[in-house]
Structures are given as structure tokens and as C-alpha cells.
Amino acid sequence: MTTDPRGWQRGLYAITDGVLLPDDHTLLTACDAALRGGLALLQYRDKSGDDARRWRQATSLASLCQDHAVPLIINDDTALALRLRDAGFAGVGLHLGQRDGELAEARQRLGVEALIGATCHARLDLAERAKAEGASYVAFGRFFASRTKPEAPPAPLSLLTEAAGLGLPRVAIGGIDAHTATAARQAGAELLASVEAVFGGSDVEARVRHLNQQLALIEGEHDVTP
Ligand SMILES: Cc1ncc(COP(=O)(O)OP(=O)(O)O)c(N)n1
Ligand SMILES: Cc1ncsc1CCOP(=O)(O)O
Ligand SMILES: [Mg+2]
């Protein structure tokens, strides 16, 4: 699905935000720029509760992600992910928090191929349960101060190292930027999830390229951008 030879399991995971990207044009322009900069995954996270807006924006993003061969992950909403899949979009996945519905049921409804991620906060037991219920990746955090979700419970970086034995890609979230990404990656996170560092300023493509360069430096690679 993704053009990155390492697939969706490693790299930058951008998450949209209804405050930073308030209208369709801003959302689509910024996501297109982020995809050009090089993403492993893109998540549509919209808390508006406006079904028409959510369908309109999700279909546009699904089409964009398909063009870039990057999976689109739908936050919170199993029904929306299913509806997109049934409309013929490829590479549509789902991210569920602890209060967003049953992961096992979502896995059954979306099928074995779908990417489904789970929020595990600072708890390995939640990650083990998510794995047993069919999660494709487990997300921990927040690891650093976050203006997007300041109330998210804090987690220690050591948790990422402890979670290595799960054998699933580990996502680090919460205050991930070009500086903090280093520590999260070194602690073991394969995927670095970020809202503000990606979408919190102008020239989103340059911001993503800079983040990817930081990740490449950590790994001693020359470049991870496409
Ligand atoms: C990759 C990733 N990790 C964690 C979250 C947080 O999910 P959740 O706890 O359900 O909180 P909301 O995002 O729904 O506010 C996430 N969205 N993505
Ligand atoms: C959704 C979510 N869950 C835990 S922290 C967070 C927000 C991440 O946003 P930012 O990268 O701007 O800190
Ligand atoms: Mg949620």
C-alpha cells in the first residue's frame, strides 16, 4: 500500500486536527503536502460530530491517500471506516481508543487485512489485550507535553522498550517533534505520531521532510523521504 519500501510499519504517522485544519481546503492542501513530504500513515481525527463533513472529508482523504499509496486510518469510528471500504477505497484502517468500541468486533467487521491500531496509554496489559483482539499496532503516550491533547495521561519512555516483546509496531504519541522524536525512536518506537509538529505551521511538506531527516539521522541513514 505504501511506496516506502519499509511499508507502513516504520516512520512518521501524521494525525489531522480540526482546529489546525478547520476547513476542507486547508485539510486537503496540508495532507497533500504532508504526503509529499513522506508519511508511513495518515490518520483522520475529527471531533466535530458533523456526519456530512466527516464523510466529505474522509472520502477526499481516502482518495488522496490512495493516490500516494499510504494507508488512511480513521480515528474512533468503525462505521465510517467500513463505509469507506464498502465505497471501494483501498487501504482504509481504524484507530480505537479504550472507549471507542470493541477492537475484536472491528477486526471481525473490517477483516484480516485492515490496519487497526489501539490506544494503550501507559499500560502494557492494554497492549497485550489489544494484540489478542487483533490489533495491527499499539500506541503509547503521551510521552511529552501536548497542546493538542494536554489531558492525555503521561507515559514513561521506558514503556516503549518494555513493549518490544509484543512483536507489534509501537507508536509513540504526544509532543513528538523533531527534537523529542529522537528519544522516542531510541526507546523503541517504530512509528512516531504527531499532530502539531506536522500541521502546526506553514510549509507542511518542509516540516515533514525535516522530521523525516531527523528520523534518518537517528537511524544513521541518509534519507527516508521518497
Ligand atoms: C496513533 C494514535 N495513538 C493514540 C491516539 C489517541 O486515541 P484516543 O485515546 O481514542 O483519543 P482520541 O484521539 O480519540 O482523542 C490516536 N488518536 N492515535
Ligand atoms: C491524540 C493524542 N493522544 C495522546 S497525545 C495526543 C495528541 C498528539 O498531538 P501532538 O502531536 O500535537 O502532541
Ligand atoms: Mg478515540
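Begin by selecting the shell of residues around ligand 2, which divides into five nonpolar, six polar and four charged residues. The model in the viewer is a predicted one. Of the 15 residues around ligand 2, those that come nearest are Ser 146, Thr 148, Gly 174, Val 195 and Glu 196; these five may be labelled before proceeding.

**Ligand 1**

Next, select ligand 1 and display its surroundings, which comprise 16 residues. Gly 97, Thr 119, Ala 139, Ile 173 and Ala 193 come nearest to ligand 1. The shell around ligand 1 consists of six nonpolar, six polar and four charged residues. Which strands each supply at least two residues of this shell? They are S1, strand S5 (116–119) and strand S7 (170–173).

**The annotated binding site**

Now select Asp 76 and Asp 100, which an unreviewed UniProt entry covers with the annotation "binding site". These two residues span 25 residues in sequence, yet no two of their C-alpha atoms are more than 5.4 Å apart, so they gather at one spot. Asp 76 belongs to the loop between strand S3 (72–75) and helix H3 (78–86), whereas Asp 100 sits in the loop between strand S4 (92–96) and helix H4 (103–110). When neighbours within four places in sequence are left aside, Asp 76 is in contact with Gly 97 and Asp 100. Gly 97 has already appeared among the residues that come nearest to ligand 1.

Are these two aspartates buried, partly exposed or exposed? Asp 76 has 18 other C-beta atoms within 10 Å and is partly exposed. Asp 100, with 16 C-beta neighbours inside 10 Å, also counts as partly exposed. A residue would need 20 or more such neighbours to be buried, so neither Asp 76 nor Asp 100 qualifies.

**Backbone details**

Remain at Asp 76 and inspect its backbone: phi is near 75°, a positive value in a residue other than glycine. Then move to His 121, in the loop between S5 and helix H5 (124–132). His 121 is not a glycine, but its phi is positive, at about 50°. His 121 is partly exposed, with 18 other C-beta atoms within 10 Å.

The following stop is the peptide bond from Gly 141 to Arg 142, which is cis, with omega near 20°. Arg 142 lies in the loop between strand S6 (137–141) and helix H6 (158–162).

**The annotated domain**

Select residues 12–198, the range covered by the UniProt annotation "domain: Thiamine phosphate synthase/TenI" in an unreviewed entry. This span is 40% helix and 18% strand, and its end C-alpha atoms lie 9 Å apart.

**Helix H9**

Finally, select residues 204–219, which form helix H9. This helix has 16 residues, and the distance from its first C-alpha to its last is 23 Å, close to the 22 Å expected at 1.5 Å a residue. Which residues of H9 are buried? They are Val 204, Arg 207, Val 208, Leu 211, Asn 212, Gln 214 and Leu 215. Viewed down the axis of H9, the buried residues fall within an arc of 150°, so they line one face of the helix. An α-helix has 3.6 residues a turn, so residues three or four places apart point the same way.

To see what this face meets, display strand S1 (11–15), helix H1 (24–37), helix H7 (180–187), strand S8 (191–194) and helix H8 (196–199), against which the buried residues of H9 pack. Strand S1 thus links two stops of the tour: buried residues of H9 pack against it, and S1 supplies at least two residues of the shell around ligand 1.

Definitions and conventions: Residues are numbered from 1 along each chain as its sequence is written. Chains are lettered from A and ligands numbered from 1 in the order in which they are written. This is a predicted model: local features need pLDDT of at least 70, side-chain atom pairs count only at pLDDT 80 or more; totals for chains, interfaces and linings use all residues. A residue is near a molecule or strand if its C-beta atom, placed from the backbone, lies within 6 Å of it. Ala, Val, Leu, Ile, Met, Phe, Trp, Tyr, Cys and Pro count as nonpolar, Asp, Glu, Lys and Arg as charged, and the others, Gly among them, as polar. Helices (H or I, at least four residues) and strands (E, at least two) are DSSP runs, numbered from the N terminus. The expected span of a helix is 1.5 Å times one less than its number of residues. A residue is buried if 20 or more other C-beta atoms lie within 10 Å of its own, exposed if 12 or fewer, and partly exposed in between; C-beta atoms are placed from the backbone. The arc is that of the directions from the helix axis to the C-beta atoms. Two residues are in contact if their C-beta atoms, placed from the backbone, lie within 7 Å. UniProt positions are given in the numbering used here, feature names are shortened, and annotations may be inferred rather than shown by experiment.
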